[in-house]
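I opened my notebook to keep track of what I look up in this one. Short entries, one topic at a time.

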Amino acid sequence: MKSKVRILVVDDEKEILRAIRRMTFEIDLEMDYLASAFEAIKAFNDTPYDIILCDIKMPDMDGIKLLTYIKENFPTTSRIVLSGHVDGNFIFNIIKNSIAHSYMYKPWDNDKPISLLNKLKSARTIAINEDIMEVVGSIDILPIHPNTLKLIKSGYPFDEDDEKLYSILCNDPALALRFIHIANSLNAVLKPSTLSRAIKNLTKDQINKILEDYLNDKNLVLSMVEGSDLQIFWSYMMNNKEIIIRLYKYLFDKAISQEYKLIALLFDIGQLMHFEYSSLLKAKEISHEKLGAAILNLWGMPSDLIECALYHNDPYNKNVTNKDLVYLIALSNYINSIFHNREIQGFDWKGILEHFGKEESEFEQIIDTLKMKVMN
């Protein structure tokens, strides 16, 4: 692990560089400022940076070419567009094609660059090392379930049927994450943390362009062989989502929020990614928990979701801050393992029940009720 995150800001407007320098003077980050794309390439080739914030319109080489070069040669670097360009389709294409991970408008509120840089710093340091970033940096899009592709084809192009699209996203973590990531990246002020808000913050044309990628590329569809480990895990993942929703109602006596429904869908995305990158991940000894947390953090997901991805198999970790949520996810995962005859050994479910003020005697009743509702 590096002791400090290195950041490069590239903008031919020197007053912009001075403004960012003033704003970030007291932040504990190693930052450099350059006014030329060619200078940036030279600096990267000397010592690569962890994060780059780059203007689009520059005289010697534009920011798109620079960021494309960085993506191809330094895939572990987080790429952020810094520009006053306001063409929605232009910005959308930058994000959709993974030229940049996020976008920040000029001019900005004074707190915006600081908030963004602190978030990016977190994305580099939350249990992430260079091996993980090498894998995460090479991921542009995750493949979807073949049944999801059929549903997309049946409704494409989507015009006003938000409910049908929402239903599709609720049952495919990869597609849901794609929508949330793009919607978050396009809007630096409003961060849509639910699927419904993500749909509302994308135009119909943008929605259909996202879906076109899956319609046109067979590599973006999982090979879901009946009885395979992947097929079994997918069923396990969908059952987990339903268990979490119902267990939340039992533990807190109220319906689960849309934000937590999203967490129920996405918290184990790292395990799904393991099927796609298994040989590389095994060689580098990268856990699916850390991999999931890394990609979710890099793609701008809520901190509660990142925490659940990182600690759902280690709920008593001292770094857990939202114990209610992490304990809920961990208990649901344990119950699901019982349903699938792969019970997690050594799991302290009694401690979690005690945390929620429930008696041990209630546990069998909880399991029986959930099994009847989820597995039948």
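**Entry 1: Asn-240.** I started by asking whether Asn-240 is buried or exposed. This is a predicted model, so I am reading the computed values as belonging to a prediction. Asn-240 has a relative accessible area of 1%. The cut-off for buried is under 20%, so Asn-240 counts as buried.

Next I looked up where Asn-240 sits: it is part of helix α12, which covers residues 229–252. Then I wanted to know which residues Asn-240 is in contact with, leaving aside its neighbours within four places in sequence. I found Phe-267, Ser-332, Asn-333 and Asn-336.

**Entry 2: strand β4.** I moved on to β4, residues 78–83, and checked how covered this strand is. Six of its six residues are buried, so I noted β4 down as mostly covered.

Which way do the side chains go? In a regular strand they alternate between the two faces of the sheet. In β4, I see Ser-78, Ile-80 and Leu-82 pointing one way, while Arg-79, Val-81 and Ser-83 point the other way. Residues of both sets are buried, Arg-79 and Ser-83 included.

**Entry 3: the partners of β4.** I looked up what pairs with β4. Strand β3, residues 51–54, pairs with β4 in the parallel sense, over four bridges. Here I picked out one bridge: Cys-54 has Val-81 of β4 as its partner.

Strand β5, residues 102–105, also pairs with β4 in the parallel sense, and I count four bridges there. For Leu-82, the bridge partner in β5 is Met-104.

I also followed the chain from β3 to β4. Helix α3, residues 63–73, joins these two strands in a β-α-β unit. I noted its hand as right-handed.

**Entry 4: the protein as a whole.** I stepped back and asked how many helices and strands there are. The protein has 20 helices and five strands.

Does the overall size suit a compact globule, or what else should I compare? For 376 residues, such a globule would have a radius of gyration near 21 Å. The protein has 22 Å, so the two agree. Along the principal axes, its C-alpha atoms fill a box of roughly 70 × 45 × 40 Å.

Then I checked burial across the protein: 53% of the 376 residues count as buried. The exposed area is about 17,100 Å², and carbon and sulfur atoms supply 48% of that.

Last lookup: contacts with a separation of 6 or more. Residues 24 or more positions apart account for 66% of these.

Methods:
Residues numbered from 1 in each chain as written. Predicted model: local features only at pLDDT ≥ 70, side-chain atom pairs only at ≥ 80, totals over all residues. Heavy atoms only, no water. Buried < 20%, exposed > 50% of the residue type's maximum accessible area, 1.4 Å probe, protein only. Pairing = 2+ DSSP bridges. Right-handed = clockwise from strand over helix to strand, strands pointing away. Contact = heavy atoms within 4.5 Å. Rg over C-alpha atoms; globule rule 2.2 N^0.38 Å. Areas by Shrake-Rupley, 256 points an atom, 1.4 Å probe, with all protein chains shown as cover.
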